[in-house]
Amino acid sequence: MGVWQLVAVGLVMLLGLLGVLVPGVPGQAIVWAAVLWWALTDVTPVAWGVLMGATALLLLNQALKPLLPPRRPHETGAPRRTLMLGGIGAIVGFFVVPVIGGAVGYVGAVYGAERLRLGSRGAGWTSVRSVMRATGYAVLVELYACLLVAGAWLGAVIWT
């Protein structure tokens, strides 16, 4: 697989990660499709292993989705921009501090945006708790599943 195709797969995967944050966009399906594209083009045991692992993880996430609280972003009182910044913070945090950085990045970005918007530390933390109850857990679990797939893909590309 050429460099430009790998860049294209990575961009599609990034689009899927951002799609997880937008209601109505099938972010998980886009991430899985990017891995499928890579595995069909780069026919190696590692690529097929990543595809099988991604399929299993994303199917497990879909099965567990009904157990999570539903997304209700309108009930948080936080603007959509805050939720998007939280998602972007999770994506950046996941790759800066592997695995645990995703949660820290999400909560930190939401807190920072709400602290700037509301003006006080207490109001910022109150808003973070409200966001986490209304949307945070569902978004974070789905985003983590996709981030783990993206991390496995990136690790496989660098390793091979």
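Gly108 sits in helix α5, where helices (H or I, at least four residues) are DSSP runs numbered from the N terminus. At 39% relative accessibility, Gly108 counts as partly exposed; on this scale buried means under 20% relative accessible area, exposed means over 50%, and partly exposed lies in between, with a 1.4 Å probe and protein chains only. Going by C-alpha atoms, Gly108 is 7.4 Å from Gly86, with their positions 22 residues apart in sequence. All of this comes from a predicted model, in which local features need pLDDT of at least 70 and side-chain atom pairs count only at pLDDT 80 or more, while totals for chains, interfaces and linings use all residues. Residues are numbered from 1 along each chain as its sequence is written, and side-chain values use heavy atoms, with hydrogens and water left out.

Next comes the pairing of α5 with its neighbour α4. Helices α4 and α5 pack at an angle of about 145°, and their axes are 7 Å apart. Axes here are lines fitted to C-alpha atoms, for helices over the stretch in contact, and angles run from 0 to 180 degrees between N-to-C directions. The crossing of α4 and α5 is right-handed, a label used if the near helix is turned clockwise from the far one by less than a right angle, with anticlockwise giving left-handed. On the α4 side, the contact (heavy atoms within 4.5 Å) is made by Thr82, Leu83, Leu85, Gly86, Gly87, Gly89, Ala90, Gly93 and Phe94. On the α5 side, Gly101, Gly102, Gly105, Tyr106, Ala109, Val110, Ala113 and Glu114 take part. Sorted by class, this contact of α4 with α5 has eight nonpolar, eight polar and one charged residues. For that sorting, Ala, Val, Leu, Ile, Met, Phe, Trp, Tyr, Cys and Pro count as nonpolar, Asp, Glu, Lys and Arg as charged, and the others, Gly among them, as polar. The loop between α4 and α5 is home to Pro98. With 57% relative accessibility, Pro98 counts as exposed. Its C-alpha atom is separated by 9.7 Å from that of Leu148, which is 50 residues away along the chain.

Helix α4 also packs against α1, at an angle of about 140° and with the axes 9 Å apart. That makes α1 oblique to α4; angles under 35 degrees count as roughly parallel, over 145 as roughly antiparallel, 65 to 115 as roughly perpendicular and the rest as oblique. The crossing of α1 past α4 is right-handed. Leu17, Leu18 and Leu21 of α1 make the contact with Met84, Gly87, Ile88 and Ile91 of α4. Sorted the usual way, the contact of α1 with α4 has six nonpolar, one polar and no charged residues.

What about α1 (residues 3-21) and α2 (residues 27-41)? Their axes come within 6 Å and cross at roughly 165°. The two helices are therefore roughly antiparallel to each other, and their crossing is left-handed. Among the α1 residues that meet α2 are Leu6, Val9, Met13 and Leu17, while the α2 partners include Ile30, Val31, Val35 and Trp38. By class, the contact of α1 with α2 has 14 nonpolar, six polar and no charged residues.

Helix α3 (residues 45-64) contains Gly53, as well as Leu51. With a relative accessible area of 8%, Leu51 is buried, whereas Gly53, at 38% relative accessibility, counts as partly exposed. Leaving out residues up to four places away in sequence, Leu51 touches Trp32, Val35, Leu36 and Ala39. Leu51 and Val31 are 20 residues apart in sequence and 11 Å apart in space, C-alpha to C-alpha. For Gly53 and Leu148, the C-alpha distance is 9.9 Å, although they are 95 residues apart in sequence.

Finally, there is the largest nonpolar core, which has 38 residues. A nonpolar core is a set of buried Ala, Val, Leu, Ile, Met, Phe, Trp, Tyr and Cys residues joined through side-chain atoms within 4.5 Å. Met13, Leu17, Val35, Trp38, Tyr106 and Leu143 touch the most other members. The elements giving two or more residues to this core are α1, α2, α3, α4 (80-96), α5 (101-118) and α6 (121-159). Helix α6 gives the most, with 15 residues.
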